[in-house]
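Student: Could you take me through a close look at one residue and its surroundings, and then place that part in the protein as a whole? I would like a connected account rather than a list.

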Amino acid sequence: MAQASNTIKKSLLVLGGNGYVGQNVLHAAIQSNLFSEVRSFNRSGSPNSPPPHLAESLSQVEFLTGDIFDNSAREDAIDGNYAVVSCIGAFGSNDFMKKICGDATIEAIETSKQKGVNKFGFVSSAQVYEGSAGLKIPPSMPMHGYFQGKYNAEKKLLESYPDGHVILRPGFIYGKRNVGSVELPLQLIGAPINIVGNQLGPLSSLIQSVPFVGKEVSSMVPVESVGRSMIDSLKEEKGVILEATDIRKF
């Protein structure tokens, strides 16, 4: 891929930066030294108990508090940034997931376009592609709103930023995750399943052939790779879509 430059030295805003994935994107941004300023915009401000291995990086981030659906707060946060990355997501009812996983990012894309933001990154899902089992889930079933919301946001991003998008499509994202003061070692679950889904030859091929489950099992990625692949791809001159196999290379 052709790269514009090894440095950007302009400001980055991460939406939902105090969450599990968002913190790792912020960490990767600080470690990259690509940006003159790294900020986060989310409802609860800075994380109360960041993981020790991320704490130093996160201390260098400016955390802005606000609601993504508050037009004024969203516009103020997005204005003046070179790149915006959305890590917004949540689980709940289908209507709630469609709103948080889709509508929130769509609002941010529209505002970013209006404010002259050059690049927009989005952490989507391995189930977001034409004909996927995830998008075929009936509206009455769990997770329909999650995948449909991600799909709607992807469509908006591709329309608004045909040459300035970065879309990641991971499955289960594993790594060290703090829930309050408790550290959940998700890598102890994700890493072995990733091996079974991708590195055991015929057995992995058989698992991958199972609708929905096969795609999820073969698309697990380390959270560190999500952060690094997102930040590194913001340097690309053209739009980028990374599937799980691409993300794991970072």
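Tutor: Leaving aside residues up to four places away in sequence, L158 touches H165, I167 and I241, and this account follows those contacts outward through what is a predicted model. L158 itself lies in helix α5, which spans residues 144-160. Its relative accessibility is 34%, and because buried would require under 20% and exposed over 50%, L158 counts as partly exposed. A further link across the chain concerns G239, which is 81 residues away from L158 along the sequence, while the C-alpha atoms of the two are separated by 8.5 Å.

Two of the residues that L158 touches, I167 and I241, are also bridge partners of each other, I241 being the partner in β11. The strands concerned are β6, residues 165-169, and β11, which run parallel and are joined by 4 bridges. Strand β11 covers residues 240-243 and has two faces, with V240 and L242 on the covered one and I241 and E243 on the uncovered one. The reason for such a pattern is general: side chains in a regular strand alternate between the two faces of the sheet. I241, which L158 touches, therefore belongs to the uncovered face of β11, as the alternating pattern places I241 with E243 rather than with V240 and L242.

Turning to the interior, the largest nonpolar core has 34 residues, and L12 and I231 are the ones that touch the most other members. Both β6 and β11 are among the elements that give two or more residues to this core, alongside β1 (11-15), α1 (20-32), α2 (52-58), β4 (83-86), α9 (223-233) and α10 (244-247). The greatest contribution comes from α1, with 7 residues. Apart from this core lies another, of 21 residues, which includes I106, A108, I109 and A153. As for L12, its contacts beyond four places in sequence include A29, F35, V38, A83, V85, I231 and L234, and also E37, R39 and N81.

For the protein as a whole, there are 10 helices and 11 strands, and buried residues make up 51% of the 250 residues. Among contacts between residues at least 6 apart in sequence, 72% join residues at least 24 apart. The surface that the protein exposes comes to about 11300 Å², of which carbon and sulfur atoms supply 53%.

Methods. Residues numbered from 1 in each chain as written. Predicted model: local features only at pLDDT ≥ 70, side-chain atom pairs only at ≥ 80, totals over all residues. Heavy atoms only, no water. Buried < 20%, exposed > 50% of the residue type's maximum accessible area, 1.4 Å probe, protein only. Pairing = 2+ DSSP bridges. Contact = heavy atoms within 4.5 Å. Areas by Shrake-Rupley, 256 points an atom, 1.4 Å probe, with all protein chains shown as cover. Core = buried A, V, L, I, M, F, W, Y, C linked by side-chain atoms within 4.5 Å.
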